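Here are my notes on this one, written as a few numbered points. Have the 3D view open while you read, and start where the first point starts.

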Amino acid sequence: MSSFEVKSQGARRNSSSLGRDEAENRTYERDDSHWTTIVVETPPAGPGRPLVVDLDGTLIASDLLIETAFAELGRRPHSLYEMLTALSRGKAALKHRLAEPADFDPSTLPYDPEVLALIRRARAEGRPVYLASASHRRLVESIAQHLGEFTGWFASDETTNLAGARKAHQLVEAFGERGFDYVGNDAADVAVWSKAAKAYAIRAPYGVRRRLIRTGLDVEHLPFQRVTWRTWLRMLRVHQYAKNALVFLPLLTAHVFTPEAVLQAILAFFAFSLCASSVYILNDLVDLKDDRGHRTKCRRPLASGAIPLMHGVIAIPLLFLGAVALSAAVSLTFLGVLLGYFALTTAYSFALKRIMIVDVLTLAGLYSIRVISGAVATGIAVSEWLLAFCMMIFMSLALIKRYVELAARRDASLPDPTSRDYKLSDLDIVAALAAAAGLNAVTVFTLYIASDDVNQLYTRPQLLWLVGPLLMYWIARAMMLAGRRQMDDDPVVFAMKDKVSLATIAATALLIFAAI
């Protein structure tokens, strides 16, 4: 039976720096301070043949380089310069730079069940199993130790990126040509498959599958969950597009329904939708670790591995450019508002969401910007009453969102969140602030009804007084349901699904229409 046995005590293997003693059939690996001796015997054919497993895209439905890069940007946005400097020295140097943080948690990664089952079958047959990855050795070692299924591992270090032909050469040095089976997923693995006795592929693109067929190898394709259009819609957060209907609010409040204005508002809606989707994806990439530890966000396509991270990275600029094109078709002024929205929401993703109260103020501001953009797109002067009402009601909704998140953590006996500047002990204060902001919105609305401005737009403004109780009812009910743990993480999404909320919105709309 073959072996890959570490002889030195507790040494960390550095499989990119190897020496070879042909007489004794041993491989020597250079650690930072000493040599590690590894015995490598020629592996027998058949059941005893080693199984070598790739990591990114294979064992895990993710990419550690992308994960660590966005995690670092999320913690320290100014580290982009350091990352670019490291990349100028090569991909291996960048991976080494990103592997420095000590908070990497392998238990949260989306491991593929089919690959894990293959590994466990191989171990049950008495075969040695190795993890071979182009990711940095610190991360690979951490994953190998967490799973406890591997005989050994191969990985990149500060100077060598163990991918493609380099990985193939490394494995041939260790096990001999055709002396191992290999599990991979993409084009970089073709060079390794060509040296293996048997090829296992999972999530391989069409072009890679064709290249594998031409090699004439014994290939087995492992089953996996394919990406559907519904998965993409979930990643784009199409259900959140209802928030962008706020661009129509200036039309409704000013009672302007000309075809030109409606068309401009529709273009503004889609521009904001595309822009919002690009930011949602960016935010998901930054929050991968936190989302995987969340009771519902762990099912998001990027966090769960349902969509490859690289696809998300590519989608961000495409969606943003589409939003820019639509915005330019509306007007250059509207484009400026959208760019301001994008800048603010990006700042929120990387920094502002980690600052107590500033985060909810930013969220309220982002909702209000949608209203302002609708006014800019249609050429309607936005009312100060409308802006004041929007800031108060959206501040309330943002605080309810934080309340629900904190309550869920406290109920699950989880510690204080690390990605938000709140403590579980803040729960009652957040609830009080949410209720106060919501009732302030009602106060602003009643002051508007009592003003002279209302008589210019409504023939029966007295009916608007009935809207106040409806608003108070909805806000009070939302707070009660949040306290009973019966509300979604996002109160806006909850309102779009809740029958009572929809009935309240419909009744409010009927009263406003009757008052015109």
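1. Let's begin with a pocket. Keep in mind that this is a predicted model. Helix H17 is the top contributor to the lining of the second largest pocket, giving seven residues. That pocket holds about 1,500 Å³ of space. It is lined by 47 residues, and the closest to its centre are Leu246, Leu249, Phe389, Thr508 and Ile512.

2. What else gives two or more residues to that lining? Besides H17 (384-411), you'll find H10 (249-254), H18 (427-450), H19 (467-483), H20 (491-497) and H21 (499-515). As for chemistry, the lining of the second largest pocket splits into 39 nonpolar, six polar and two charged residues.

3. Now go to the sheet. Six strands make an open sheet, ordered S7-S6-S5-S8-S9-S10, with parallel pairing. Why do S7 (152-156) and S10 (218-221) each have one side without a neighbour in the sheet? They stand at the edges with a single partner strand each, so there is nothing next to them in the sheet on the other side. On average, neighbouring strands here are turned by 20 degrees against each other, ignoring direction.

4. Zoom in on one pair from that sheet. Strands S8 (residues 181-184) and S9 (residues 198-201) run in the parallel sense and share four bridges. If you want a spot to click on, Val183 has Tyr200 in S9 as its bridge partner. Helix H6 (residues 165-175) packs on the sheet too, where it touches S5 (51-53), S6 (129-136), S7 and S8. The direction of H6 makes about 150 degrees with that of S6.

5. Next, a helix pair. H2 (residues 80-88) and H3 (residues 91-98) pack at about 145 degrees, and their axes are 6 Å apart. From H2 come Glu82, Met83, Ala86 and Leu87, which meet Lys91, Ala93, Leu94, Arg97 and Leu98 of H3. Sorted by class, this contact has six nonpolar residues, three charged and no polar ones.

6. Last, how far to trust it all. The chain has a mean pLDDT of 86, with 90% of its residues at 70 or more. Where is confidence highest, and where lowest? Strand S5 is at the top with 97, while strand S4 (residues 35-40) is at the bottom with a mean of 33. Across residues 1-45 the pLDDT is below 50, although the model gives this stretch 108 contacts beyond near neighbours in sequence. Where pLDDT is low, predicted coordinates shouldn't be read in detail.

Definitions and conventions: Residues are numbered from 1 along each chain as its sequence is written. This is a predicted model: local features need pLDDT of at least 70, side-chain atom pairs count only at pLDDT 80 or more; totals for chains, interfaces and linings use all residues. Side-chain values use heavy atoms; hydrogens and water are left out. On a 1 Å grid over the protein atoms alone, a cavity is a set of points where a 1.4 Å probe fits but cannot get out, and a pocket is an open set with protein on both sides within 12 Å along at least five of seven lines; lining residues have an atom within 4 Å of a point. Grid points are joined across faces, edges and corners, and a volume is the space filled by probe spheres set on the points. Ala, Val, Leu, Ile, Met, Phe, Trp, Tyr, Cys and Pro count as nonpolar, Asp, Glu, Lys and Arg as charged, and the others, Gly among them, as polar. Two strands pair if DSSP finds at least two bridges between them. Axes are lines fitted to C-alpha atoms, for helices over the stretch in contact, and angles run from 0 to 180 degrees between N-to-C directions. Contact means heavy atoms within 4.5 Å. pLDDT is the predictor's confidence in each residue, from 0 to 100.
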